[in-house]
Amino acid sequence: MSDSNVFLKAVDIHKSYTQGTGELEILRGVSLEIKEGEALAILGASGAGKSTLLHIMGTLDRPNRGELYCEGRDLLAMGDEELSRFRNAEMGFVFQFHHLLSEFSALENVMIPCRVAGESLRLAREKALHLLDFMGLAERAEHFPNQLSGGELQRVAIARALVRHPRILFADEPTGNLDSMTSGKIQELFFRLKEEMKLALVIVTHDLTFATRFPKVYRMKDGQWQS
Amino acid sequence: MNKSLPWIAWRLLMSRKTLFGGSAPLALLGLILGVAALVASMAVMSGFESTLKKAMADVSGHAQVVKRSRFPDDWRELEERIRKIEPTLVSSSRFVFIEAVLAHSGKISGVLIQGVDPERVNHVLNFRSRVVSGSEDLRGSTEVPLALMGKSLAAKMNLKVGDRFRVVVPVADAVDPSKFQRRVGEFQLQGILDLGKYEWNERFIVTDLAAAQKVADIGDRYSGLLLRFKDVDHARDAAFQLSQTLGSPYWIRDWRDANENLFEAVQVERPGIFMVVLIITLVAAFNVSATLFVNVVRRFKDIAILKTVGLSPKDIIKIFALQGVFLGAIGLFFGFLLGFVLCGLFSLAQSRLGLISGEVYRLDSIELNIRWVDSLAICVATLAICFIATLAPARRGGKLNPVEGLRNE
């Protein structure tokens, strides 16, 4: 496949943290290419470095060394402001914990990325309602996070990640905190959304069953790809 | 600024995690008390100044023209000269001051009789607004001339409206100036006035110019003209202009001259008191700052997710700075309300308990005055302090690494 189809490209990513007098190396020269509309899973045990890689590829963290490009644009050369706008427009994130703002209703939580992008209250509300309806949460829109179940919370978090129609969705252990039945439903939702919204999907998980449903699975161990 | 920031800042502030929990209510209470103290103290300072200013303008006019030698007989000619020099002159009225002794019901008191032209006095002075009982109108056909009196003097002499009283005026003997003749005048009390200043209420009597001239046996002589201009605040410039143009032997003094030291004291003390009381707000702002620091730590996760959805570090700083400004605005709103309540209590206390000693402060009551310029200074100072107090916690929030917040479950 030609390089022009590559949406996101990470090259030789190194990340380490200072621990006491020594260095704790988390990523040791990891490279990865994600094509447009591609779905892939990163599988690995806890501490393997998969979440760190996801954070770096999602521009939430910066590597000590390496390169990161999105359609040829050098993301690591961008300033905070530019990077924030880029993240708002192009990327969506779902985490193990829903991280919804407890003072905002489900609808308002989903509206936040649109409002951050400068969209009007009316338009943001319209988009958020539409997406919550798609998620089967229309009647729960005005509920606050403490009034929602675990599965509903995660669906609201997914709606928040997708409301700006990003081109890539990063999910870090999105089902790690759910019971098996709810987890199955959320997994189905991811695949349905991927097809409907034509977005690239990168899932980090240690759930082998979930990972094997993806056409492409990368295994990570000790900060490196495992062959 | 991103339009979503005030929305997010407000919603995050109005929560149990922030405003309705922890130390935030106490920080806000401190701010409210600081603002209320500022409002009340400025209202007292400005009220003192405006009450004194109004009393001066109401009772002695915006300015007075006096002459060291005998005044010209034709006062209308002098008025025209003044009007030509100062076109903002509204009206003038002749006046005379006579020292006398009031004797009534076995009590005596030294008094100052001000004789005024009853036909014109209401165009220059404002006794009407100062009537406590009776009327301010000195025109009327009664057997004895009508007079107005300060409320404390009337109370001391046990005089009521309609009562008659006598004054004794010492008049220099025409043959031997070292001797005095007693001249007695009788007046009927037409109205009791609250003249604003303590000493005026204690010894001021106002009567018809002709009656005053008669009792003092000075013929048609008068002390000078009382002047009223369109704007009381212009009186000082007008008086200066008149002084320059009329020259000697005329002497012009405006409403400030008689109490220059008091007005000067207010001018000097007002910013001093403002700064001292502002320290309360400053201390309260430290509490706001500490509260926001705690809030930043408690919001670790929320800050992380806000950065994830596209807010930049600068936006996060703005959110917390906005929260400081909102806290300041809430403090101002309730502080002003509490300030008004304090002013009400102060007014009540000064009327019921005689809070202000007239002998010390020259005024026995102050009409509290909350000037817009004081209010503006309080608002600007409070918001600025709150904004500055939030900068340190806001910067900390901006610097937080989102990854740390996302892991911190």
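Does A:His99 count as buried or exposed, and at what relative accessibility? In this predicted model, A:His99 counts as buried, at 2% relative accessibility. The cut-off for that label is under 20% relative accessible area. A:His99 sits in the loop between strand 6 (91-94) and helix 3 of chain A. Its phi is positive, near 55°, in a residue that is not glycine. Most residues other than glycine have a negative phi. A:His99 also takes part in the contact between the chains, as described below.

The chain that holds this residue comes first. Chain A has seven helices and ten strands. Its radius of gyration is 18 Å, which agrees with the value near 17 Å for a compact globule of 227 residues. Along the principal axes, the C-alpha atoms of chain A fill a box of roughly 50 × 45 × 40 Å. Of the 227 residues, 53% count as buried. Among the contacts in chain A between residues at least 6 apart in sequence, 70% join residues at least 24 apart. The chain exposes about 9900 Å², and carbon and sulfur atoms supply 48% of this. Chain A carries 27 positive and 31 negative side chains, with the centres of the two sets 2 Å apart.

One buried position in a loop of chain A is A:Thr59, between helix 1 (50-57) and strand 4 (65-70). Its relative accessible area is 9%, so A:Thr59 is buried. Leaving aside residues up to four places away in sequence, A:Thr59 touches A:Leu68, A:Leu75, A:Leu83, A:Phe86, A:Arg87 and A:Met91.

Helix 3 of chain A, residues 106-116, is mostly covered, with eleven of its eleven residues buried. Among them are A:Glu108 and A:Arg115, as well as A:Leu107, A:Val110 and A:Ile112. What covers the helix? From chain A, the cover includes helix 2 (80-90), helix 4 (121-134) and helix 5 (150-162). From chain B, it includes helix 1 (4-13) and helix 10 (300-308). After helix 3 comes A:Gly118, whose phi is positive, near 95°.

The contact between the chains takes 27 residues from chain A and 29 residues from chain B. The size of an interface is often given as the accessible area lost when the parts come together. Here the area buried between chain A and chain B is about 2600 Å², of which carbon and sulfur atoms give 62%. On the chain A side, A:His99, A:Glu103 and A:Val116 lose the most area to chain B, together 24% of what that side buries. A:Val116 is also one of the buried residues of helix 3.

Chain B has 14 helices and ten strands. Its radius of gyration is 31 Å, well over the 22 Å that the globule rule gives for 409 residues, so chain B is more spread out than a compact globule. The C-alpha trace spans about 110 × 50 × 35 Å along its principal axes. Of the 409 residues, 52% count as buried. Residues 24 or more positions apart make up 79% of the contacts in chain B with a separation of 6 or more. Its accessible surface comes to about 18800 Å², with 58% belonging to carbon and sulfur atoms. Chain B has 50 positive and 40 negative side chains, and the centres of these sets lie 10 Å apart.

Chain B also holds a residue with positive phi that is not a glycine: B:Asp217, at about 55°. It lies in the loop between helix 7 (209-216) and strand 9 (224-229). B:Asp217 counts as partly exposed, at 47% relative accessibility.

Definitions and conventions:
Residues are numbered from 1 along each chain as its sequence is written. Chains are lettered from A and ligands numbered from 1 in the order in which they are written. This is a predicted model: local features need pLDDT of at least 70, side-chain atom pairs count only at pLDDT 80 or more; totals for chains, interfaces and linings use all residues. Side-chain values use heavy atoms; hydrogens and water are left out. Helices (H or I, at least four residues) and strands (E, at least two) are DSSP runs, numbered from the N terminus. The radius of gyration is taken over C-alpha atoms; the globule rule is 2.2 Å times the number of residues to the power 0.38. Buried means under 20% relative accessible area, exposed over 50%, partly exposed in between (1.4 Å probe, protein chains only). Contact means heavy atoms within 4.5 Å. Accessible areas come from the Shrake-Rupley method with a 1.4 Å probe; for residues, only the protein chains shown count as cover. Lys and Arg count as positive and Asp and Glu as negative; His and the chain ends are not counted. The place of a charge is taken as NZ of Lys, CZ of Arg, CG of Asp or CD of Glu. Buried area is the accessible area (1.4 Å probe) that two parts lose on being put together, summed over both.
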